[in-house]
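User: Could you take me through one part of this model up close, and then show how it fits in with what surrounds it? Please spell out your cut-offs as you go.

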Amino acid sequence: MVIVLVGVAVVMGFILAYVNSVTAGPIAQQNEKTLSDGIKVVMVADELTVTENDTVKQDIGGKEATFVVHKAVDKGNNPLGVAIESTTGGFGGDLKVLVGFDPAGNILGYTILQHSETPGLGAKAGNWFQADGKGSIIGKNPGKDNLTVKKDGGAVDAITASTITSRAFLKAVNQAYGAYNGTDVDTGATTHHAK
């Protein structure tokens, strides 16, 4: 019986490894397409070119956080700004946000790349903070506007019955702005690390 169980485990291990190797390429392609489409959404431009991808590391509360900065230009090679991937802990797990900033640091748009929030509550973050949402952050500048929930003295309406997710989302946006401050938007080069 032990030999049969070991044999089944070995065969299943090989099957899982094979399936993983077969699906790894298509999954990576889908993730690239999702990111590419997301950059167009957050930069509010159908025709753009990502000229550089940079990684910015920051010390946030004693932990190192990594941000991916995508510099974008329009078809005339004029800077549109940057799209920044930012991840923080939400109610149900990691909340990964892609935020677009214009060269002045104003938020052009955002999209949720990954979340584990409660369906029907925390999952509303994808729409709640958009231009037509109750807690709109579009056009605001985290360096000038207090982008925290009203419950914490800020200027943004939290998602109804989902304050933890709202706080996590706004934290991700504010941290993305910190990474934006560490990047030269015209060249995409890292100039300093924001704190």
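Analyst: Let's start at Ile164, which sits in helix α3; helices and strands here are DSSP runs numbered from the N terminus, with H or I over at least four residues for a helix and E over at least two for a strand. Keep in mind that this is a predicted model, in which local features need pLDDT of at least 70 and side-chain atom pairs count only at pLDDT 80 or more, while totals for chains, interfaces and linings use all residues. Residues are numbered from 1 along each chain as its sequence is written, and side-chain values use heavy atoms, with hydrogens and water left out.

With a relative accessible area of 44%, Ile164 is partly exposed. On this scale, buried means under 20%, exposed means over 50%, and partly exposed is in between (1.4 Å probe, protein chains only). The C-alpha atom of Ile164 is 9.8 Å from that of Val149, 15 residues away along the chain.

Now α3 as a whole. The helix has 19 residues and spans 27 Å from first C-alpha to last, close to the 27 Å expected at 1.5 Å a residue; that expectation is 1.5 Å times one less than the number of residues. Most of α3 is covered, with 14 of its 19 residues buried.

One charged pair involves this helix: Arg167 and Asp152 meet through their side chains in a salt bridge at 2.8 Å, N to O. Arg167 is in α3 (residues 163-181) and Asp152 in the loop between α2 (125-128) and α3, so the pair ties together parts 15 residues apart in sequence. The term salt bridge means a side-chain nitrogen of Lys or Arg within 4 Å of a carboxyl oxygen of Asp or Glu. Both partners are partly exposed, Arg167 at 35% and Asp152 at 43%.

So what does α3 lean on? There's an open sheet of 5 strands, ordered β1-β2-β3-β4-β5, with antiparallel pairing; two strands count as paired if DSSP finds at least two bridges between them. The edges are β1 and β5, each pairing on one side only. Neighbouring strands are turned by 20° against each other on average, direction ignored. Helix α1 packs on this sheet, touching β1, β2, β3, β4 and β5, and its direction makes about 155° with that of β5. Helix α3 also packs on the sheet, touching β1, β2, β3, β4 and β5, at about 135° to the direction of β3. For these angles, axes are lines fitted to C-alpha atoms, for helices over the stretch in contact, and the values run from 0 to 180 degrees between N-to-C directions. Touching is a matter of contact, meaning heavy atoms within 4.5 Å.

Zooming in on the strands, β3 and β4 run antiparallel and are joined by 8 bridges, with Ser86 partnered by Val97 in β4. On to the next pair: β4 and β5 (residues 107-114) are antiparallel too, over 6 bridges, and Leu98 has Thr111 as its bridge partner in β5. Their hairpin has 5 residues between the strands, and Gly105 takes a positive phi near 95° there. As for cover, 6 of the 8 residues of β4 are buried.

There's some charge here as well. Lys96 forms a salt bridge with Glu85, with the closest N and O atoms 3.3 Å apart. The pair links distant parts of the chain, Lys96 in β4 (residues 94-101) and Glu85 in β3, 11 residues apart. Lys96 is partly exposed at 24%, whereas Glu85 counts as buried at 10%.

Glu85 then leads to His70: their side chains make a polar contact at 2.6 Å. The His70 side chain also has a polar contact with that of Asn53, at 2.5 Å. Here a polar contact is a pair of N or O atoms within 3.5 Å; within protein, one must be able to donate a hydrogen and the other to accept it, and residues adjacent in sequence count only if both atoms are side-chain atoms. His70 is part of strand β2 (residues 63-74) and, at 4% relative accessibility, counts as buried. Leaving aside neighbours within four places in sequence, its contacts include Leu35, Ile39, Val50, Gly81 and Leu98.
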